[in-house]
Amino acid sequence: MLAALGSPGGSAILAYNAKALVGLLAWHLPLQQAIELPNLIARGKDFGGETAKFPPRVLEGLAERGIEVKQGRGEESGLHGVVLRESGRLEGAADPRREGVWRQP
C-alpha cells in the first residue's frame, strides 16, 4: 500500500494526519472512514476536539486518566488523501468538515 495524506490546520496538522494513519494502517479502515474519525488535539495540557463524536465511554476513560476534552479546536481539519492498494485500486477521500471532494478517476 502507498498513501499520501495532507491537511491544513497549523499546529493541528500532525494530529489530523496521525489520526487518519492509525485508522488506515492499524485499524484497516477505508481511507474515508479514517479521515472521518473524530479529532482530538492536544496542546500541552489542553485537549480539545469533537466531543460530540466520541463515544461517552472514551471520554469517561480519558477523564479517569485526568484528561478533560473540551469542545472545539479540532473540528476544522481538511484532510484529503489517496491510497494505492496492493490490488492496484486507487482509493481517495476528502474530509467532510471542509469543501473537499474525491472523484474516482
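**Notebook: strand 6 and its surroundings**

I began with strand 6, where four of the five residues are buried, so this strand is largely enclosed by the rest of the structure. I note here that I am reading a predicted model.

**Entry on the sheet.** I next looked up which strands belong with strand 6, and I found an open sheet of three strands in the order 1-5-6, with antiparallel pairing. Strand 1 (2-6) and strand 6 (90-94) stand at the edges and have a single partner strand each, so one side of each is left without a neighbour in the sheet. On average, neighbouring strands of this sheet are turned by 5° against each other, with direction ignored. I reminded myself that strands of a sheet pair through backbone hydrogen bonds, in either a parallel or an antiparallel way.

**Entry on the pairing of strands 5 and 6.** How many bridges join strand 5 and strand 6? I read off five bridges in the antiparallel sense, with strand 5 covering residues 80-84. Following the partners one by one, I saw that Val-82 is bridged to Gly-92 in strand 6, while Val-83 has Glu-91 as its bridge partner in strand 6. The hairpin of these two strands has five residues between the strands, and in this hairpin Gly-88 takes a positive phi near 95°.

**Entry on Leu-31.** I then turned to Leu-31, which lies in helix 2 (residues 31-36). Is Leu-31 buried or exposed? Its relative accessibility is 0%, and because buried means under 20%, Leu-31 counts as buried. Leaving aside neighbours within four places in sequence, I listed the contacts of Leu-31, and among them are Val-82 and Val-83 as well as Glu-91 and Gly-92, the residues I had just met as bridge partners. The contacts of Leu-31 also include Leu-5, Leu-24 and Ala-93. I also checked Leu-31 against Glu-86, and these two are 55 residues apart in sequence and 14 Å apart in space, C-alpha to C-alpha.

**Entry on His-28.** In the loop between helix 1 and helix 2 I found His-28, whose phi is near 55°, a positive value in a residue other than glycine. His-28 has a relative accessible area of 65%, and since exposed means over 50%, His-28 is exposed.

**Entry on helix 1 and the largest pocket.** Helix 1 lies across strand 1 and strand 5, and I noted that it runs at about 150° to strand 1. Which element gives the largest share of the lining of the largest pocket? I found that this is helix 1 (residues 13-26), which supplies five residues. The pocket holds about 260 Å³ of space, and its lining includes Ala-15, Lys-19, Trp-27, Pro-38, Phe-54 and Val-58. When I sorted the lining residues by kind, they divided into nine nonpolar, two polar and one charged.

**Entry on the whole protein.** Finally I stepped back and counted three helices and six strands, which follow the pattern β-α-α-β-β-α-β-β-β when read along the sequence. The C-alpha atoms fill a box of roughly 45 × 25 × 20 Å, taken along the principal axes. Of the 105 residues in the protein, buried residues make up 37%. Among the contacts with a separation of 6 or more, I noted that 47% are accounted for by residues 24 or more positions apart.

Note on methods
Residues are numbered from 1 along each chain as its sequence is written. This is a predicted model: local features need pLDDT of at least 70, side-chain atom pairs count only at pLDDT 80 or more; totals for chains, interfaces and linings use all residues. Side-chain values use heavy atoms; hydrogens and water are left out. On a 1 Å grid over the protein atoms alone, a cavity is a set of points where a 1.4 Å probe fits but cannot get out, and a pocket is an open set with protein on both sides within 12 Å along at least five of seven lines; lining residues have an atom within 4 Å of a point. Grid points are joined across faces, edges and corners, and a volume is the space filled by probe spheres set on the points. Ala, Val, Leu, Ile, Met, Phe, Trp, Tyr, Cys and Pro count as nonpolar, Asp, Glu, Lys and Arg as charged, and the others, Gly among them, as polar. Two strands pair if DSSP finds at least two bridges between them. Axes are lines fitted to C-alpha atoms, for helices over the stretch in contact, and angles run from 0 to 180 degrees between N-to-C directions. Contact means heavy atoms within 4.5 Å. Buried means under 20% relative accessible area, exposed over 50%, partly exposed in between (1.4 Å probe, protein chains only).
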